[in-house]
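Me: I've got a model open and would like to talk through it with you. Can you take a look?

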Amino acid sequence: MIENRFKTALAEGRRQIGLWTTLSTAFATEVVAGAGFDWLCLDTEHSPGDPLTILLQLQCIAGYPGVSAMVRPAANDAVLIKRMLDAGAQTLLIPMVNSADDARAAVAATRYPPDGIRGVSALTRATQFGRVKGYFDGAASQLCTIAQIETRAALDALEDIAAVPGIDGLFVGPADLAASLGYGANQQHPDLRAKVIETIARIKAAGKPAGLLTGDTVLQQQALAAGIDFLALGVDAGLLARAAESLRNSIALS
């Protein structure tokens with residue numbers, strides 16, 4: 001089986017630093033693939049991305065052995081998950097997991113029968129078009145399914161979600177969590193920061209690796225001190241937008 005280096009790193013307790021990618025092209029992905037991050041999240045929930053763009057991005061990242069790919073499907077949907085897995089994704093971040101039932105549905109979508117409902121095809125990029133021997137029996141061992149915790153309901157069910165077999169980690173989504181808890185778009189509210197850190201502690205107490213995306217440098221440092229296992233520092237589109245603005249504003253025209 002092809003090793004899932006991200007999953008191995010989490011199992012070995014090695015913290016992984018990542019970057020969100022929403023520009024949805026292989027060219028943009030290659031720009032950041034060599035920047036030294038441990039992982040890139042290829043997002044299709046809040047981007048134009050789809051299985052075809054993900055395929056090209058995964059092919060690009062394969063040329064950079066130091067970085068792992070995480071894929072976020074647009075929804076906790078068995079068909080979308082199947083297509084991402086067939087394209088070669090090994091680590092999936094499942095959005096809006098609000099209950100143990102949601103978590104079980106996500107895991108089932110990654111497993112072949114009788115353990116799940118993933119459709120079977122031997123001629124996919126994931127199997128190297130039939131060249132990976134024993135893929136059907138061994139695929140699950142190298143898949144990493146991460147549940148995203150981003151609502152009040154998910155907080156209430158966190159321990160139940162973490163206990164679902166096949167859930168390999170839990171990820172805090174501060175933007176939706178802020179909205180769900182009544183903080184609107186204010187992801188820097190001290191009470192939200194405290195809730196995120198409390199949630200990280202609960203995840204780790206449940207025996208699962210904890211993840212987070214935040215560009216808030218205060219929360220980043222708090223998360224590191226709390227023992228965060230995988231941390232994304234920003235979003236490629238945001239980096240480009242803010243750098244472009246900074247460059248334009250760096251010169252005054254008479």
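Reply: Sure, here is a chat about strands, pockets and ring pairs.

Me: What kind of model is this, and how are residues numbered?
Reply: This is a predicted model, where local features need pLDDT of at least 70, side-chain atom pairs count only at pLDDT 80 or more, and totals for chains, interfaces and linings use all residues. Residues are numbered from 1 along each chain as its sequence is written, and side-chain values use heavy atoms, with hydrogens and water left out.

Me: Let's start with β1. Is it buried or exposed?
Reply: Strand β1 (residues 16-21) is mostly covered, with five of its six residues buried. Buried means under 20% relative accessible area, exposed over 50%, and partly exposed in between, with a 1.4 Å probe and protein chains only. Strands (E, at least two residues) and helices (H or I, at least four) are DSSP runs, numbered from the N terminus.

Me: Which strands join β1?
Reply: β8 (residues 230-235) runs parallel to β1, joined by four bridges, and β2 (residues 39-43) also pairs with β1 in the parallel sense over four bridges. Two strands pair if DSSP finds at least two bridges between them.

Me: Which residue stands opposite W20, and what is the bridge partner of L19?
Reply: W20 stands opposite V235 in β8, while L19 has L40 in β2 as its bridge partner.

Me: Which helix makes a β-α-β unit with β1 and β2?
Reply: Helix α2 (residues 26-33), and the unit is right-handed. That means that, with the strands pointing away from the viewer, the path from the first strand over the helix to the second runs clockwise.

Me: Switching to pockets. What volume does the largest pocket have?
Reply: About 500 Å³. Of the 24 residues lining this pocket, I2, E3, G88, Q90 and R125 are the closest to its centre. On a 1 Å grid over the protein atoms alone, a pocket is an open set of points where a 1.4 Å probe fits, with protein on both sides within 12 Å along at least five of seven lines, and lining residues have an atom within 4 Å of a point. Points are joined across faces, edges and corners, and the volume is the space filled by probe spheres set on them.

Me: How does that lining divide?
Reply: Into 14 nonpolar, seven polar and three charged residues. Ala, Val, Leu, Ile, Met, Phe, Trp, Tyr, Cys and Pro count as nonpolar, Asp, Glu, Lys and Arg as charged, and the others, Gly among them, as polar.

Me: And the second largest pocket, which residues lie nearest its centre?
Reply: P174, A175, Q187, L213 and V235, out of 22 lining residues. β6 (169-172), α9 (174-180) and β8 each give two or more residues to that lining.

Me: How many aromatic pairs are there?
Reply: The structure holds eight. One of them is Y112 with Y135, edge-to-face at 6.3 Å centre to centre and 75° between the planes. Rings of Phe, Tyr and Trp (its six-membered ring) pair if their centres lie within 6.5 Å; planes under 30 degrees apart count as stacked, over 60 as edge-to-face and the rest as tilted.

Me: Are those two tyrosines buried or exposed?
Reply: Y112 is buried, with a relative accessible area of 7%, and Y135 is buried at 11%.

Me: What about F171 and F230?
Reply: Their ring centres are 5.8 Å apart with the planes at 35°, so the pair is tilted. F171 sits in strand β6 and F230 in strand β8, 59 residues apart. Ring pairs link F6, W20, W39, F171 and F230 into a cluster.
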